[in-house]
Amino acid sequence: MNIHIIGGGNLGASVAMGIAKFSRDHKITVTRRNINKIQHLETLGVTLSTDNTQGIKDADIIILTIKPYQVDLVLAEILPSITNKTIASAVSGLSIESLQNKIGAANQAIRIMPNIAAQFGESATCISFQENHAEQGQKLVTLFQDLGTAPIIDEKLMDAATVLAASGTAFALRYIRASMQAGIEIGFDWQTALAISAQTVKGAAAMIMEEQVHPEQLIDRVTTPKGCTIAGLNEMEMHGFSSSLIRGIKTSLHQIKG
């Protein structure tokens, strides 16, 4: 496919890298006002441009990874050049209905929410589309399954998906950082503490993905009676480990909804 990504920031560049490295042969174009910051994408065969309309007539899928305030300006620029295009929006807060109204019936609006782990083939990309655009939606699912997981969700959950999957990357990294800091306190240098903490999180996630069981079932395998693990878990919970994380996620969602 010919994939046109408008917005070469952190997310757009990550999606482009993921597609270039992990998906089938696709022609990828990324546009950004200042392309100097993403020159490294050219080594992966990605075309860069400061012109949002360059080659867009040949695009099969147009992906919007831009800020909400940029949407109307970008659409005004590209709509005269396109017809019958699938436009996949990763714009926070922009509903399918609103986007469809903006792009007209001749084009198809799909809503996606990938995260920056796409560049490593490990994104959790939530996708939502209307029933009459199921064929186009499935193409996006197939594309993003190459970049990690791509569950189809009800659009009313898309803001929640933004927090859980996109903001969640930062939350997980904050845990790793805290674990690393604790590792330093108990005797490791920071590089070793970070390597152990990151691999431990990766291993825990792999177990969950492979076995598809509730986390508590796996926690039970590690916690022995009167052991150090249960002592540590109880101490964390006494200081609000789980409740703080839950409150943080809900606060992020509240921020999106305004």
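Q: Which residue in β3 stands opposite Thr31?
A: This is a predicted model, with local features needing pLDDT of at least 70, side-chain atom pairs pLDDT 80 or more, and totals for chains, interfaces and linings using all residues. Numbering starts from 1 along each chain as its sequence is written, and side-chain values use heavy atoms, without hydrogens or water. Strand β2 covers residues 27–31 (strands are DSSP E runs of at least two residues, helices H or I runs of at least four, numbered from the N terminus). Across from Thr31, in β3, you'll find Ser49.

Q: In which sense do β2 and β3 pair?
A: Pairing calls for at least two DSSP bridges between two strands. β2 and β3 have three bridges between them. The sense of their pairing is parallel.

Q: Which strands stand at the edges of the open sheet of seven strands?
A: Follow the order, β3-β2-β1-β4-β5-β6-β8, with mixed pairing along the way. Each edge strand has a single partner, so one of its sides is left without a neighbour in the sheet. Those two strands are β3 (47–49) and β8 (126–129).

Q: By how many degrees are neighbouring strands of this sheet turned against each other on average?
A: Picture a line fitted to the C-alpha atoms of each strand. With direction ignored, the average turn between neighbours in this sheet is 20 degrees.

Q: At about what angle does α3 run to β6?
A: Helix α3 takes in residues 96–103 and lies across β5 (86–89), β6 (108–113) and β8. Helix axes are fitted over the stretch in contact, and angles run from 0 to 180 degrees between N-to-C directions (contact being heavy atoms within 4.5 Å). Against β6, the helix α3 runs at about 140 degrees.

Q: How far apart are the end C-alpha atoms of residues 3–90?
A: UniProt, in an unreviewed entry, gives this span as "domain: Pyrroline-5-carboxylate reductase catalytic N-terminal"; such annotations may be inferred rather than shown by experiment. In the model, residues 3–90 are 24% helix and 23% strand. Their end C-alpha atoms are apart by 14 Å.

Q: What percentage of residues 155–255 is helix?
A: For these residues, the unreviewed UniProt entry lists "domain: Pyrroline-5-carboxylate reductase dimerisation". The end C-alpha atoms of the span lie 18 Å apart. Strand makes up 0% of residues 155–255, and helix 83%.
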